[in-house]
Amino acid sequence: MTVSVEDVLAQLNPKLRKSVMSGDSVPATEYAATPSIGLNRALNGGLPYGRQVLIWGSKSSAKSSICLQTIALAQQEGKICAWIDAEMSYDKDWAEKLGVDTAKLIVSKARTINEMVDVGVQLMEAGVDLIVVDSITSLLPAIYFEKDTDELKQLENTKQMGAESRDFSNAWKMINYANNKVKPTLFILISQSRNNINAMYTSQQPTGGQATKFYSSTVIKLFSSESDNQALKGKIHVGDKLIEEKVGRKVRWELQFSKTSPAFQSGEYDFYFRGDDLGVDTIADLVDTAESLGIVNRTGAWYQLEDGTKVQGRDAFVAKVREELDLQDMLRKKVSND
């Protein structure tokens, strides 16, 4: 006797049936594109909605900025976005320069892990599509405050081992539970790197303990060196003079873990904090990605297209792609289809 899936579901208790579904009824994963074409390709399209994503790394690696640009792209698709500002560092002018429609961005503050959970769950229940917490490193455990007040305790009264890790562990359980009950929300956590000192060596890890990484479907590490050889320089007007200044830097990304795409991929992009084009340089990233896939051939300093067109130097080729929209569209299509 053959039993169908429908027969099995029909025999379930009505209350249990609400939480059980067949494989065909599970919705397909939707993705939020980041400004980096290479990173999007590694992520199978972008950051997954309905999941928790951890973005962590060294200081000044533009973690907040790439999230703001991701919000800008999501807003163009009609998504509702929110920013939970734990560092009290949200800059409206900078967000607007990166393309964010600040009039449509929900901005909330949070001091403690408890407040972050309360605000996050309420925003998810209200139908917000994308939430960024900047950053979880700045969130305090509830033990730091006097009970039911806004007053900080004396420092000697806050020494409770494991308070931060315990609060974070419970927070991610609650966030994941709430996200599975309502409209799928992309919940992005920004975290700074911390040194983990062992007996034999020192390594880096994000804030929040193992639970933060365990409950994250995607973990991305960003790194930016402050050395001169990683700096991007350009001409800046200072009065009547045109001088060369640092206008950006190389940022390296590592896809350390992913449940929705192959992990252990890496790459880099140009990030600009001064000049006309701020944020991730999507055109240069497109050129580098096309080269890595063999769509654009490079021999020494020469870049060559399939039609035989040759351009000397990466900067010159990036400028050509930036100016010629047909060439730009052709590269985008080939990169997305490869």
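**Nonpolar cores, a three-stranded sheet and a helix pair**

In this predicted model, the largest nonpolar core (a set of buried Ala, Val, Leu, Ile, Met, Phe, Trp, Tyr and Cys residues joined through side-chain atoms within 4.5 Å, where buried means under 20% relative accessible area with a 1.4 Å probe, protein chains only) has 35 residues, and those with the most contacts inside it are Leu-130, Ile-188 and Ile-220. Helix α4 (residues 63-76) gives the largest share of this core, six residues, helices being DSSP runs of H or I with at least four residues and strands runs of E with at least two, numbered from the N terminus. Apart from this core lies another, of 27 residues, among them Ala-110, Leu-139, Phe-168 and Ala-171. Residues are numbered from 1 along each chain as its sequence is written. Local features need pLDDT of at least 70, side-chain atom pairs count only at pLDDT 80 or more, totals for chains, interfaces and linings use all residues, and side-chain values use heavy atoms, with hydrogens and water left out.

An open sheet of three strands has the order β14-β15-β16 with antiparallel pairing, where two strands pair if DSSP finds at least two bridges between them. Because β14 (297-299) and β16 (310-312) stand at the edges with a single partner strand each, one side of each is left without a neighbour in the sheet. Three bridges join β15 (residues 302-304) to β16, and Gln-304 stands opposite Lys-310 in β16.

Lys-320, Val-321, Arg-322 and Glu-323 in α10 meet Leu-325, Leu-327, Gln-328 and Leu-331 in α11, contact meaning heavy atoms within 4.5 Å.

Terms used. Buried < 20%, exposed > 50% of the residue type's maximum accessible area, 1.4 Å probe, protein only.
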